[in-house]
Amino acid sequence: MKKVSMFLVGIVTMLGLPMMVNAKTIEVDSDLADAITSAEENDTIKLIGNVTVDSQITVDKALTIDLNGNTITANADVKYVFDFNGNGKNFTITDSSANAGSIINTAQRGVLVTDGTLTIDKVTINSADRTVQINPVDSDDKAKAIINGGVIESNGSRTIMLWGNNVKEAAALEVNGGKIIAPVSVKNSAAINLGSANAAGTYVVVNNGEISAYNGIRLYGNGEEGMTVLTMNGGSINAVGSGIIQSTADGTENTTIAIYGGSITAQPQEGAAAVGGDSVGIYHGQTGTLIIGNADGTGPTILGQTGISIKEGNITINGGTIKANGEYREVVTARDDGTDDTGAAISITSSAVYADGTSITVNGGTIESENGNAFYEGIGVDGLGNPVADESTVTDLAIAGGSFTSKEASVVTTETEEKFITGGEFSSDVSSYVSDDLTMEQDENGNYVIVSPVTDVPTEETPTEEVENPETSDGIVLYVAISVIAVLGVALTALRLRSRLRKSY
């Protein structure tokens, strides 16, 4: 038996597989810190009663904490209930019971991940602020949280906080389910906060789950491309201020945002802190990259009083649905926070303060405004009615596809005089923006569509004399000959039958 065991150990070692030998379950009803200290790699700590902790507990081994329907409560002087800190270690907080348990720190924060990967499922974690903080300390640390289910909730301004150390993907988050909640009553709260000034190196993927807050997701970059990345493939965001918002502070620019699926909704809510203007689906107020939708035209559903508000950056819209239901403003007043209410589905407003320019291409999607323009590009005015920019800061503008609808205002309005429309479908005539080599017509539904002009194609004259085709002539002769032979054959057969009948009589 010992030889077999040693052989298995050798195989496991050669393959680089983790050893799961002697993993056990430790039941705890009082001293949680001691149980974690005495546990070994891959053990399960299972609560059999409610537990109160008096100091922060460090977890540096690969452990599973099973709340088993119970509650861990932190005293007021506990900053974090747990600090998960193990290089390359995998940690889990879950619940094996029918009634999921809770981790509560009403005075301070929830759980901290400084190195390794923490997976959370089924349980509720509630704190005053920063309920889950992902914060690698050293430059070679990698800290990650995976949310598969449960409820992650804060009573303050940030629920999940990623604090990078300016190393790409040093702080990472994957959301596959559950609920992430920050209070809408707290001005500028965010359910997920990517970085802060000089704390980039964050990477977030949202595949599913429900996110709700005053602002759903807020991003800070550090000027370096790829340092702050958000990808949304599914799930939902419900917000009051902005569903997704980019920091406009100096030094926090150049984020990367890709929205391929899911839904983003920003609308006023009862009991929410005042917004001061339109609720905005996505606010892109810095340089950086924003991609919406897939190459096949599919994509997310985005709804706001203003759908997407843009000040700067490189924007590509491939698909999905972008809707606005806010008030139409013939004159746009520039707001201090930059969102500049327009009631447009896609809104681009120039300002001398945001001078790095905007490049936008629309390849597809459904773009619709109930009251304003489907597509608006212009310059706002200040409180005295003076333009906030001498000229448009848009550097590149192209509409190559998509369906644009506006029920009240012009479907497209812009400061540019360029011919930037080469494709798409529009609820009103936008031929003044159509490329000179194309034309616009109304279809059977009353929409204006792009068509290519019909060019004259020279035709050859029909010959005045018929030219006999030898192959055709020979075919006709052969056909006639075969027909004659067949008729003669039938006639001869008939004569023979008649002759035989006479002899029989």
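# Aromatic pairs, threonines, loops and a pocket

User: In this predicted model, is phenylalanine 84 buried or exposed?
Analyst: The model is a predicted one, and in it phenylalanine 84 has a relative accessibility of 1%. Buried means a value under 20%, so phenylalanine 84 counts as buried.

User: How many aromatic pairs does the count come to, and how are the planes of phenylalanine 82 and phenylalanine 84 arranged?
Analyst: The count comes to 5 aromatic pairs. In the pair of phenylalanine 82 and phenylalanine 84, the ring centres are 5.5 Å apart and the planes stand at 40°. Planes under 30 degrees apart would count as stacked and those over 60 as edge-to-face, so this pair is tilted.

User: Which aromatic pair does phenylalanine 84 form with phenylalanine 91, stacked or tilted, and which residues form one aromatic cluster?
Analyst: Phenylalanine 84 and phenylalanine 91 are 5.1 Å apart from centre to centre, with 50° between their planes, and this pair is tilted. Both of these residues are buried, and phenylalanine 82 is buried as well, at a relative accessible area of 0%. The residues that form one aromatic cluster are Phe82, Phe84 and Phe91.

User: What percentage of the residues of the protein chain count as buried?
Analyst: The protein chain comes to 3 helices and 39 strands, and about 24100 Å² of it is exposed, with carbon and sulfur atoms supplying 49% of that area. Of its 505 residues, the share that counts as buried is 49%.

User: Among contacts in the protein chain between residues at least 6 apart in sequence, what percentage join residues at least 24 apart?
Analyst: A contact requires heavy atoms within 4.5 Å, and the contacts considered here are those between residues at least 6 apart in sequence. Among them, the share joining residues at least 24 apart is 67%.

User: Is threonine 306 buried or exposed, and in which strand is it found?
Analyst: The relative accessibility of threonine 306 is 1%, so this residue counts as buried. Leaving out residues up to four places away in sequence, threonine 306 touches several residues, among them Asp278, Val280, Ala324, Asp341 and Ser347. Threonine 306 is found in the strand that spans residues 306-310, namely β27.

User: How far apart in space, C-alpha to C-alpha, are threonine 124 and serine 102?
Analyst: Threonine 124 lies in strand β10, residues 124-127, and is partly exposed, because its relative accessible area is 25%. Apart from residues up to four places away in sequence, threonine 124 touches Gly101, Ser102, Ile103 and Val151. Although threonine 124 and serine 102 are 22 residues apart in sequence, their separation in space, C-alpha to C-alpha, is 4.6 Å.

User: Between which strands is the loop that holds serine 97, and with which residues is serine 97 in contact, leaving aside its neighbours within four places in sequence?
Analyst: Serine 97 has its place in the loop between β7 (82-94) and β8 (102-105), and with 25% relative accessibility it counts as partly exposed. Lysine 122 is 25 residues away from serine 97 in sequence and 9.6 Å away in space, C-alpha to C-alpha. Leaving aside neighbours within four places in sequence, the residues in contact with serine 97 are Asn68 and Gly69.

User: What is the phi of arginine 130?
Analyst: Most residues other than glycine have a negative phi. Arginine 130 has its place in the loop between β10 and β11 (132-134) and, at 10% relative accessibility, counts as buried. Arginine 130 is not a glycine, yet its phi is positive, at about 50°.

User: Where does asparagine 254 lie, and what is its phi near?
Analyst: Asparagine 254 lies in the loop between β21 and β22 (255-259). Asparagine 254 is a residue other than glycine with a positive phi, near 70°.

User: What volume does the largest pocket have, and which residues are the closest to its centre?
Analyst: The volume of the largest pocket is about 470 Å³. Among the 28 residues that line the largest pocket, the closest to its centre are Tyr283, Asp336, Asp337, Gly338 and Thr339.

User: Which strand supplies the largest share of the lining of the largest pocket?
Analyst: By class, 8 residues of the lining are nonpolar, 11 are polar and 9 are charged. Strands β19 (210-219) and β21 (236-246) each supply at least two lining residues. The largest share, 4 residues, comes from β21.

Notes: Residues are numbered from 1 along each chain as its sequence is written. This is a predicted model: local features need pLDDT of at least 70, side-chain atom pairs count only at pLDDT 80 or more; totals for chains, interfaces and linings use all residues. Side-chain values use heavy atoms; hydrogens and water are left out. On a 1 Å grid over the protein atoms alone, a cavity is a set of points where a 1.4 Å probe fits but cannot get out, and a pocket is an open set with protein on both sides within 12 Å along at least five of seven lines; lining residues have an atom within 4 Å of a point. Grid points are joined across faces, edges and corners, and a volume is the space filled by probe spheres set on the points. Ala, Val, Leu, Ile, Met, Phe, Trp, Tyr, Cys and Pro count as nonpolar, Asp, Glu, Lys and Arg as charged, and the others, Gly among them, as polar. Rings of Phe, Tyr and Trp (its six-membered ring) pair if their centres lie within 6.5 Å; planes under 30 degrees apart count as stacked, over 60 as edge-to-face and the rest as tilted. Buried means under 20% relative accessible area, exposed over 50%, partly exposed in between (1.4 Å probe, protein chains only). Accessible areas come from the Shrake-Rupley method with a 1.4 Å probe; for residues, only the protein chains shown count as cover.
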